[in-house]
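Let's walk through this one together, from the overall fold down to single side chains. Keep the viewer open as you read.

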Amino acid sequence: MNPKFKVGDHVGWNSEAGRVSGHILRVHTRDVDWKGYVHHASADAPQYEIKSDRTAHIALHKGGALRKLGD
């Protein structure tokens, strides 16, 4: 089971460049076409749209890849 996060939560995840953190902008509960690729999402397995704190890059991740950080 994936953890549930909400808009505004501060989260961290691993990327090719190392540890990244950001804030959740949107929670997708339906499939979403993202940069030419369909990311599968549902109410039970949402995809989270996150804005990086450092670069302002927007990323999409499953809840299992994220961990909640203290602000």
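A quick word on burial before anything else: a residue is called buried under 20% relative accessible area, exposed over 50%, and partly exposed in between, using a 1.4 Å probe and protein chains only. What you're looking at is a predicted model, so to speak of a local feature here takes a pLDDT of at least 70, side-chain atom pairs count only at pLDDT 80 or more, and totals for chains, interfaces and linings use all residues. Residues are numbered from 1 along each chain as its sequence is written, and side-chain values use heavy atoms, with hydrogens and water left out.

How confident is the predictor? Its score, pLDDT, runs from 0 to 100 for each residue. The chain averages 90, and 94% of the residues score at least 70. Confidence is highest in strand β5 (residues 47–52), at a mean of 95, and lowest in strand β3 (residues 32–34), at 89.

Now the fold. The chain has seven strands and zero helices, where strands are DSSP runs of E with at least two residues, helices are runs of H or I with at least four, and both are numbered from the N terminus. Reading along the sequence, you get β-β-β-β-β-β-β. The C-alpha trace spans about 25 × 25 × 20 Å along its principal axes. The radius of gyration, taken over C-alpha atoms, can be held against a globule rule of 2.2 Å times the number of residues to the power 0.38. For 71 residues a compact globule would come out near 11 Å, and the chain agrees, with 11 Å.

Buried residues make up 34% of the 71. The accessible surface, from the Shrake-Rupley method with a 1.4 Å probe and, for residues, only the protein chains shown as cover, comes to about 4,700 Å². Carbon and sulfur atoms account for 52% of that surface. As for contacts, meaning heavy atoms within 4.5 Å, take those between residues at least 6 apart in sequence: 45% of them join residues at least 24 apart.

Next, find Asp-9, in the segment before β1 (10–15). At 8% relative accessibility, Asp-9 counts as buried. Which residues does Asp-9 pair with through salt bridges? A salt bridge here is a side-chain nitrogen of Lys or Arg within 4 Å of a carboxyl oxygen of Asp or Glu, and a search of the whole structure finds two. In one, Asp-9 pairs with Lys-6, with the closest N and O atoms 3.0 Å apart. In the other, the side chain of Asp-9 meets that of Lys-68, at 3.6 Å from N to O. Lys-68 sits in strand β7 (residues 67–68), 59 residues away from Asp-9, so to speak of distant parts of the chain being linked is fair. Shared partners join Lys-6, Asp-9 and Lys-68 into one network.The segment before β1 also holds Phe-5, which leads to the aromatic rings. Rings of Phe, Tyr and Trp (its six-membered ring) pair if their centres lie within 6.5 Å, with planes under 30 degrees apart counted as stacked, over 60 as edge-to-face and the rest as tilted. By this rule there is one aromatic pair. Phe-5 and Tyr-48 have ring centres 5.4 Å apart and planes at 85°, so the pair is edge-to-face. Because Tyr-48 lies in strand β5, the pair ties together parts that are 43 residues apart in sequence. Both partners are buried: Phe-5 at 11% relative accessibility, Tyr-48 at 1%.

Tyr-48 turns up again around His-61, a residue of strand β6. Neighbours within four places in sequence aside, His-61 is in contact with Trp-13, Pro-46, Gln-47, Tyr-48, Ile-50 and Leu-66. Over in strand β4 is His-39, buried at 17% relative accessibility. With the same neighbours left aside, His-39 is in contact with Asp-31, Val-32, Trp-34, Gln-47 and Leu-60.

Last stop, the backbone. Most residues other than glycine have a negative phi. Lys-35, in the loop between β3 and β4 (37–39), has a positive phi near 55°, and this lysine is exposed at 65% relative accessible area. Ala-56, in the loop between β5 and β6 (58–62), also has a positive phi, about 65°. With a relative accessible area of 42%, Ala-56 is partly exposed.

Terms used
pLDDT = per-residue confidence, 0-100.
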